[in-house]
Each structure stands twice: as structure tokens, then as C-alpha cells.
Amino acid sequence: MGWGYTMKSIQAEFEKALKKITIKKDVKEEDWANVCKKFNDDVSRICDVSDLEDYTGLFECFDDDNTRFFYLVKEDTNLYRMKHKHFFDNLGLK
């Protein structure tokens, strides 16, 4: 996205009934902006995370077939700026 920063994310598994979050096996960290792009920004925050390394939030992402994927994200202040920019981009106010 070219903003000079990267937020890290990693694919996770989420058992809603147990409220259990685990990092999927054999996955690598990905840049969160690239993940958002991969899912056409069809992502939403589910909850706070405090006990999994430096990850601070759990997000769900949907692909073109409406299949759900979960990602843990190491959020920082740039996440707000990214959301704000996309909001204005979607309004045509770049």
C-alpha cells in the first residue's frame, strides 16, 4: 500500500463456542495490508486478543466464495489511518 509501514498478521483458527484462538500450523506471518487486498477488504474485527504473542486483534476475512478465514493482527495506530483512508477512497475523496 506504500505507506512505509507494515502490520503483521497470521492465519488463525477460532472456536467461537470455546472462545479459543490458535495460530494455524505451518503458516507464516503476512503483511496485513496484503491480506486485506487479497480479501478485497472484506474484513472485520471480531475481538481483542491479549494472550497470543504481540497480536492484539482477531479479524474475520471472506473470500469471493464467502468462505471465512481468521487472522490475528498486530495492530498499531496505522490501522486507524488505513481504515480512514479506505473509507474516503470508497467515497471517491482521495
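## Close-up views of a predicted model

**Figure 1. Two loop residues with positive phi.** With a relative accessibility of 58%, Asn 66 counts as exposed. Everything shown here and in the views that follow comes from a predicted model. Asn 66 belongs to the loop that runs between strand 5 and strand 6. Although Asn 66 is not a glycine, its phi is positive, at about 65°. Asp 26 is another non-glycine residue with a positive phi, in this case about 60°. Look for Asp 26 in the loop between strand 2 (20–23) and strand 3 (30–31). Is Asp 26 buried or exposed? With a relative accessible area of 83%, Asp 26 is exposed.

**Figure 2. The whole chain, for orientation.** Before zooming in further, here is the overall layout. The protein chain has 2 helices and 6 strands, and reading along the sequence gives the pattern β-β-β-α-β-β-β-α. Of its 94 residues, 32% are buried. The accessible surface of the chain is about 6500 Å², and carbon and sulfur atoms account for 48% of that area. Taking contacts between residues at least 6 apart in sequence, 44% join residues at least 24 apart.

**Figure 3. The largest nonpolar core.** Which residues make up the largest nonpolar core? There are 10 in all: Ile 10, Ala 12, Phe 14, Ile 21, Val 49, Leu 52, Tyr 55, Leu 58, Phe 70 and Leu 72. At least two core residues come from strand 1 (8–15), and at least two from strand 6 (68–73). Strand 1 is the biggest contributor, giving 3 residues. A second core, of 9 residues, lies apart from this one and includes Met 7, Trp 32, Val 35 and Phe 39. Back in the largest core, try centring the view on Ile 10. Leaving out residues up to four places away in sequence, Ile 10 touches Ile 23, Val 27, Lys 28, Glu 29, Tyr 55, Phe 70, Tyr 71 and Leu 72.

**Figure 4. Gln 11 in strand 1.** Next to Ile 10 in the numbering comes Gln 11, a residue of strand 1. At a relative accessibility of 13%, Gln 11 counts as buried, because the limit for that class is under 20%. Its contacts, again not counting residues up to four places away in sequence, are with Ile 23, Lys 24, Val 27, Phe 69, Phe 70 and Tyr 71.

**Figure 5. Gly 57 and its surroundings.** Gly 57 is part of strand 5 (residues 57–62). How accessible is this glycine? Gly 57 is buried, and its relative accessible area is 0%. Setting aside neighbours within four places in sequence, its contacts are Arg 45, Cys 47, Val 49, Tyr 71, Leu 72, Val 73 and Glu 75. Val 73 is 16 residues from Gly 57 along the chain, yet their C-alpha atoms are separated by 5.4 Å.

**Figure 6. An aromatic cluster.** The structure has 5 aromatic pairs. In one of them, Trp 32 and Phe 59 are tilted, with 4.9 Å between the centres and 55° between the planes. This pair links distant parts of the chain: Trp 32 is in helix 1 (residues 32–38) and Phe 59 is in strand 5, 27 residues apart. Trp 32 and Phe 59 are both buried. Phe 39 and Tyr 71 make an edge-to-face pair, 6.0 Å from centre to centre with 70° between the planes. Here too distant parts of the chain are linked: Phe 39 sits in the loop between helix 1 and strand 4 (43–48), while Tyr 71 is in strand 6, 32 residues apart. Phe 39 and Tyr 71 are both buried as well. Together with Phe 69, these residues, Trp 32, Phe 39, Phe 59 and Tyr 71, form one aromatic cluster.

**Figure 7. A lysine over a tyrosine ring.** This view brings back Tyr 55, one of the residues of the largest nonpolar core. The charged end of Lys 74 sits over the ring of Tyr 55, at 5.1 Å from the ring centre.

**Figure 8. Cysteines without a disulfide.** How many disulfides does the structure hold? The count is 0. For Cys 36, the nearest cysteine sulfur is that of Cys 61, 6.6 Å away. A disulfide would need the two sulfur atoms within 2.5 Å, so Cys 36 is in none. Cys 36 is buried, with a relative accessible area of 4%. Cys 47, at 23%, is partly exposed; this cysteine also appears among the contacts of Gly 57 in Figure 5.

Note on methods:
Residues numbered from 1 in each chain as written. Predicted model: local features only at pLDDT ≥ 70, side-chain atom pairs only at ≥ 80, totals over all residues. Heavy atoms only, no water. Buried < 20%, exposed > 50% of the residue type's maximum accessible area, 1.4 Å probe, protein only. Core = buried A, V, L, I, M, F, W, Y, C linked by side-chain atoms within 4.5 Å. Helix = DSSP H or I, 4+ residues; strand = E, 2+ residues; numbered from the N terminus. Contact = heavy atoms within 4.5 Å. Phe/Tyr/Trp six-rings, centres within 6.5 Å; stacked < 30°, edge-to-face > 60°. Lys NZ or Arg CZ within 6 Å of the ring centre and 35° of its normal. Areas by Shrake-Rupley, 256 points an atom, 1.4 Å probe, with all protein chains shown as cover.
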